[in-house]
Amino acid sequence: MGLTTASLLGLAFALYGSRVDALVSTDGTTGRLPAMGWNSWNNFGCNINASVFEATAQKMVDLGLKDAGYEYINIDDCWSDKQRQRDPTTREIIPDSKKFPNGISGLADKVHSLGLKLGIYSDAGMLTCAGYAGSLGFEAVDAATFAKWGVDYLKYDNCYVPGNWSDKYSYDVGTGQTNAPFDYDWATSNTSSRYQRMDVELQKQSHTIQYSLCVWGEAHVERWGNRTGHSWRMYGDISPTWTRIIEILNHAGSFWKTSGFWGHNDWDMLEVGLGTLTYEESRSHFALWAALKSPLIIGTPLGGIKDDILGILLNRELIDFNQDPVYGASAFPYKWLLNANGTSDSTHLAQYWTGASVKGIHLFMVNTEDRPVKMTAVFSEIPALSGQGGEKFVLHDMWTGKDLGQFSGTFSIDVKTHDTAALRITKLDGTHPNPSWTPPAV
Ligand code: GAL
């Protein structure tokens, strides 16, 4: 039986996890894999200036983060002149000259000279969330200005949307409730249009700019974000607390399918080592964000960063999973242990997640309980191994980079409170147990 075009496309997608309608950059690389970098918002808020970014860029190099794959130094909100907003003649946004004495282009030059890239922030509304000039109606001039300055990445926020741009139907990201008809195409919503307008202008620039939609999951962005940008925020703002991490992960447990090459669900910037997160909670946060193929954008200040926190951010094997060149699909939950009905709840998300990489089948066991727990993986329950449950496998610890031995049937490990065991499973000769398998994608 010959393969039809549709089944060939299906096969290509199953193997490579890429969508046919994705926003593929003309340079062939920008945005194919989840972005990696650093952003000022989570730690510095509006308290930013050129020195913060210059020092961070230098630290990225000195601490080995650049070598590990982190490349973007991203300016978030509050970089422009709040009063003057735009040049009366050119209409270009005016950078705050106190914060950025050499302008954004001066900073871009410094960042580029270290082999890194510069990101900027704007908003698909009248003002940014902190009340600075927004880009709605000014997409052409702003895209050209960012390109002229040498900016390589745009995070595009969703505040101060004027009434005439509000959506026809409502959609509640948390509950999924909507008053839209079942077959409504959210790509035709005003929210989608506001984001598309900037994409159209970015595409006209000769300089490739990675496009990150900060749309908080609204207007079912997972259904159209892939055509419009390289990544799209799927939920409200992260905060450095375990409760919030669990809440986001629970949501990701339902929406993991929409990530693939050239288009990634963005589960928000990393809070590793910040707020009230314990070391173990920071490990879980990083491991799951990597597993979900989320952009890995560090929020931790790099000056004085503790070695153990840096160690999390530099974990080679988790980064390799996130940046896998062959398998684009996200890891996904396959077992909810603590909830009788087999679904997630706000305290106990799925503890058992799995995914595939070029190196093998991976297992992420999250201890959501408030006490250390012995966690057991049953091989026959892992979707990629379901037909091979009786075989012996090599289990490898992605945290330590060491093999843990050969196991058949089950594997158990002690997992500290809120920690995550990150494991790789291969055949005894080190080969992939099921190379043609990837998670079912949309
Ligand atoms: C929020 C956004 C945050 C940060 C903040 C700046 O809307 O989700 O990541 O950019 O605005 O004001």
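This tour moves from the ligand to two sheets, with something to select at each stop. Keep in mind that the model is predicted.

**Stop 1: the ligand**

Start by selecting the ligand and the 13 residues around it; among these, Asp76, Asp77, Lys155, Asp157 and Asp237 come nearest. Now colour that shell by class: you should find seven nonpolar residues, six charged ones and no polar ones.

Next, show side chains and look at the ligand's oxygen atoms. Which distance separates aspartate 237 from the ligand? A polar atom in the side chain of aspartate 237 sits 2.5 Å from a ligand oxygen. Move on to aspartate 77, where a side-chain N or O atom is 2.8 Å from an oxygen of the ligand. Then pick arginine 233, whose side chain places an N or O atom 3.1 Å from a ligand oxygen. If you switch on a surface here, note that the ligand taken alone exposes 310 Å², and that the protein buries 95% of this area.

**Stop 2: the parallel sheet**

Switch to cartoon view and trace the open sheet of eight strands, in the order β7-β6-β5-β4-β3-β2-β1-β8, with parallel pairing. To find its edges, select 264-266 for β7 and 296-298 for β8; each of these strands pairs on one side only. Looking along the sheet, you can follow its turn: neighbouring strands make an angle of 25° on average, direction ignored.

Zoom in on β5 (residues 210-213) and β6 (residues 231-233), parallel strands joined by two bridges. Select serine 212 and look across to β6, where its bridge partner is serine 231.

Two helices are worth adding to the view. Helix α7, residues 190-203, packs on the sheet and touches β4 (153-157) and β5, with its direction at about 160° to that of β4. Helix α3, residues 50-62, lies across β1 (36-39) and β2 (72-74), and runs at about 160° to β2.

**Stop 3: the antiparallel sheet**

Now go to the open sheet of six strands, ordered β9-β10-β11-β16-β13-β14, with antiparallel pairing. Where are its edges? They are at β9 (332-335) and β14 (402-408); each has a single partner strand, so one side of each has no neighbour in the sheet. Neighbouring strands here are turned by 30° against each other on average, again with direction ignored.

For a last close-up, select β11 (residues 360-366) together with β16 (residues 420-426): this antiparallel pair extends over six bridges. Finish on valine 366, which stands opposite threonine 420 in β16.

Definitions and conventions:
Residues numbered from 1 in each chain as written. Predicted model: local features only at pLDDT ≥ 70, side-chain atom pairs only at ≥ 80, totals over all residues. Heavy atoms only, no water. Near = heavy atom within 4 Å. Polar contact = N/O pair within 3.5 Å; in protein donor to acceptor, adjacent residues only side chain to side chain. Areas by Shrake-Rupley, 256 points an atom, 1.4 Å probe, with all protein chains shown as cover. Nonpolar A, V, L, I, M, F, W, Y, C, P; charged D, E, K, R; others polar. Pairing = 2+ DSSP bridges. Helix = DSSP H or I, 4+ residues; strand = E, 2+ residues; numbered from the N terminus. Axes fitted to C-alpha atoms, helices over the stretch in contact; angles between N-to-C directions. Contact = heavy atoms within 4.5 Å.
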